[in-house]
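Here are some short exercises to work through with the structure open beside you. Try each task on your own before reading its solution.

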Amino acid sequence: MKSLPVTPPAPRPGRPTRTAVLVAALLGALLAACGPGVGGTGTGVSPTLARFGAEPEPLCDADIAALLACSGGPGTDALPLADGDPARRVAGRAEGQRIELQFACEGWQFDGQWGRAAAPLGARFYGSATNGAGATQPAMLSARVDGARLAVQLEDELGQPLAPPLTLRALPAPATLVPQCP
């Protein structure tokens, strides 16, 4: 007598398979790791910081805090930043633990959070850079005090420059960006 192949029973309509339940549980755990909300506003390490092996660190405890608008909290008050007024190459703002900068000549938009990774990276903004075509890649922005200005360097995740070193200053209001590229 010939044996017929045995096929597993089909899942009953309306009931998830075991695989679907496991996938849903894993996805829920991953999303919960960042805390409440889509933006990772909880106490967990954000996916961006985790990508670089960095931990969040209070921006207003950093070496660059003297150039920011720190008023007692861990992060800065909203602070417009630019290379001049009007801005010629870069403009944006720092607020809380984050910085957003537009690099007009190079075509990058950077958004990052202050954190600290192991040496050699150390304390800096870790985030992503988006080019004019909408392609996004991991990026980081180093920042240091240069007199009364903030010297910044935008780099990809391998440390390759995406823009030349530039200096920013705090402004009383957002600057208009009028690109003057070399």
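Before starting, one cut-off: a residue is called buried under 20% relative accessible area and exposed over 50%, with partly exposed in between. Keep in mind as well that this is a predicted model.

**Exercise 1. Find P74 and decide whether it is buried or exposed.**

Solution. Start with the location: P74 sits in the loop between strand 1 (55-56) and strand 2. Next, take its relative accessible area, which is 52%. The cut-off for exposed is over 50%, so P74 counts as exposed. Finally, look at what surrounds P74. Setting aside neighbours within four places in sequence, P74 is in contact with P58, L59, C60 and Q97. Its C-alpha atom is separated by 8.3 Å from that of E57, 17 residues apart along the chain.

**Exercise 2. Work out which strands supply the largest nonpolar core.**

Solution. Begin with the core itself, which has 27 residues. The residues with the most contacts inside this core are I64, I99, F103, F110, F125, L141 and L154. Now assign strands: at least two core residues come from each of strand 2 (76-82), strand 3 (90-96), strand 4 (98-103), strand 5 (108-116), strand 6 (123-130), strand 7 (136-146), strand 8 (149-156) and strand 9 (166-170). Then look apart from this core, where you will find another one of 6 residues, including A54, A117, Y126 and M140.

**Exercise 3. Trace how strand 6 pairs with strand 5 and with strand 7.**

Solution. Take strand 5 first: it pairs with strand 6 in the antiparallel sense over 8 bridges. Within this pairing, Q113 stands opposite Y126. On to strand 7, which runs antiparallel to strand 6 and is joined to it by 6 bridges. Here, A129 has Q137 as its bridge partner.

**Exercise 4. Inspect the hairpin loops for backbone features that stand out.**

Solution. First, recall the background: most residues other than glycine have a negative phi, and most peptide bonds are trans. In the hairpin of strand 5 and strand 6, with 6 residues between the strands, G122 takes a positive phi near 70 degrees. In the hairpin of strand 6 and strand 7, with 5 residues between the strands, G134 takes a positive phi near 90 degrees.

Second, check the peptide bonds. A119 and P120 are joined by a cis peptide bond with omega about 10 degrees, and P120 is found in the loop between strand 5 and strand 6. Another cis bond joins D85 and P86, again with omega about 10 degrees; P86 belongs to the loop between strand 2 and strand 3.

Third, return to G122. Its relative accessibility is 15%, so G122 counts as buried. Beyond its neighbours within four places in sequence, G122 is in contact with G115, R116 and A117.

**Exercise 5. Locate the aromatic pairs and classify their geometry.**

Solution. There are 2 aromatic pairs to find. In one of them, the ring centres of F52 and Y126 are 5.0 Å apart and the planes meet at 45 degrees, so this pair is tilted. F52 lies in the loop between helix 2 (47-51) and strand 1, whereas Y126 is in strand 6, so the pair ties together parts that are 74 residues apart in sequence. Both F52 and Y126 are buried.

W114 and F125 form an edge-to-face pair, with 4.9 Å centre to centre and 70 degrees between the planes. This pair links W114 in strand 5 to F125 in strand 6, 11 residues apart. To finish, check accessibility: W114 is buried at 3%, and F125 is buried at 1%.

Methods:
Residues numbered from 1 in each chain as written. Predicted model: local features only at pLDDT ≥ 70, side-chain atom pairs only at ≥ 80, totals over all residues. Heavy atoms only, no water. Core = buried A, V, L, I, M, F, W, Y, C linked by side-chain atoms within 4.5 Å. Buried < 20%, exposed > 50% of the residue type's maximum accessible area, 1.4 Å probe, protein only. Helix = DSSP H or I, 4+ residues; strand = E, 2+ residues; numbered from the N terminus. Pairing = 2+ DSSP bridges. Contact = heavy atoms within 4.5 Å. Phe/Tyr/Trp six-rings, centres within 6.5 Å; stacked < 30°, edge-to-face > 60°.
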